[in-house]
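Here is a short briefing for a reader who is new to this structure. Look over the sequence and the model, then work through the points below.

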Amino acid sequence: MRDKLKKHLNEDMSFYGKFKNYGLRNIQMETKRRNLKVTKVERVLLHDLYDFEGNFMCDHIWVSNSSLFKNQNVKDGDIVQFKAVVDSYIKGYFGKKDDKNTA
């Protein structure tokens, strides 16, 4: 996890950053039968993330819940502000080997 964000783990914070684009991520979810299910989740790529006090947090970050951004017709280069809870995640790719290089 990024060091400056790690200090705020589980905190509800306000941020702003520059919108770049949308993307998909495969995540693993545990089902009721304890099977792992891979699901695609749409995310948003933001650059130059700052907190509302003007402290630089990181050079880029992927944010879930892209529908909030789509509803506002956000375009590449727009500055966006949002609230989020800082959380950790498992870095890696959780899809099939065949779909890794598809466009």
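The points below go from the whole chain to single residues.

This is a predicted model. The protein chain has two helices and four strands. Of its 103 residues, 24% count as buried.

**Overall layout**

- Starting at the N terminus, the order of elements in the protein chain is α-β-β-β-α-β.
- Take the contacts in the protein chain between residues at least 6 apart in sequence: 61% of them join residues at least 24 apart.
- The exposed area of the protein chain is about 8000 Å². Carbon and sulfur atoms supply 48% of that area.

**The E2–E3 hairpin**

- Strand E3 covers residues 56-64 and pairs with E2. The pairing is antiparallel and runs over seven bridges.
- E2 and E3 form a hairpin, with four residues between the two strands.
- Gly54 sits in the turn of this hairpin and has a positive phi of about 90°.
- Tyr50 has Phe56 in E3 as its bridge partner.

**Aromatic pairs**

- The model holds five aromatic pairs.
- One of them joins Tyr16 and Tyr50. The pair is stacked, with 5.5 Å from centre to centre and 15° between the planes.
- Tyr16 lies in strand E1 (residues 12-30) and Tyr50 in strand E2 (residues 36-51), so this pair ties together parts that are 34 residues apart in sequence.
- Tyr16 has a relative accessibility of 31%, so this residue counts as partly exposed.
- Tyr50 has a relative accessibility of 26% and also counts as partly exposed.
- Tyr16 and Tyr50 belong to one aromatic cluster together with Phe52 and Phe56.

**A nonpolar surface patch**

- Which residues form a nonpolar patch on the surface? They are Tyr16, Phe52 and Ile79.
- Together these residues have about 310 Å² of accessible area.
- Tyr16 and Phe52 thus appear in two groupings: the aromatic cluster and the nonpolar patch.

**His60 and its surroundings**

- His60 is in strand E3.
- Its relative accessible area is 27%, so His60 is partly exposed.
- How far apart are the C-alpha atoms of His60 and His47? They are separated by 4.2 Å, while the two residues are 13 residues apart along the chain.
- Beyond its neighbours within four places in sequence, His60 is in contact with Arg2, Leu45, Leu46, His47 and Asp48.

**Positive phi outside glycine**

- Asn10 is not a glycine, yet its phi is positive, at about 70°.
- Asn10 is in the loop between helix H1 (3-6) and E1.
- Is Asn10 buried or exposed? At 60% relative accessibility, Asn10 counts as exposed.
- Asp48 is not a glycine either, and its phi is positive, at about 50°.
- Asp48 is located in strand E2. Asp48 is also among the contacts of His60.
- The relative accessible area of Asp48 is 34%, so this residue is partly exposed.

**To take away**

- The chain combines two helices with four strands, and E2 and E3 form a hairpin.
- Tyr16 links several of these points: Tyr16 stacks with Tyr50, joins the aromatic cluster and is part of the nonpolar patch.

Methods
Residues numbered from 1 in each chain as written. Predicted model: local features only at pLDDT ≥ 70, side-chain atom pairs only at ≥ 80, totals over all residues. Heavy atoms only, no water. Buried < 20%, exposed > 50% of the residue type's maximum accessible area, 1.4 Å probe, protein only. Contact = heavy atoms within 4.5 Å. Areas by Shrake-Rupley, 256 points an atom, 1.4 Å probe, with all protein chains shown as cover. Phe/Tyr/Trp six-rings, centres within 6.5 Å; stacked < 30°, edge-to-face > 60°. Patch = residues over 30% accessible without salt bridge, like charges linked within 9 Å, V, L, I, M, F, W, Y side chains within 5 Å. Salt bridge = Lys/Arg side-chain N within 4 Å of Asp/Glu carboxyl O. Pairing = 2+ DSSP bridges.
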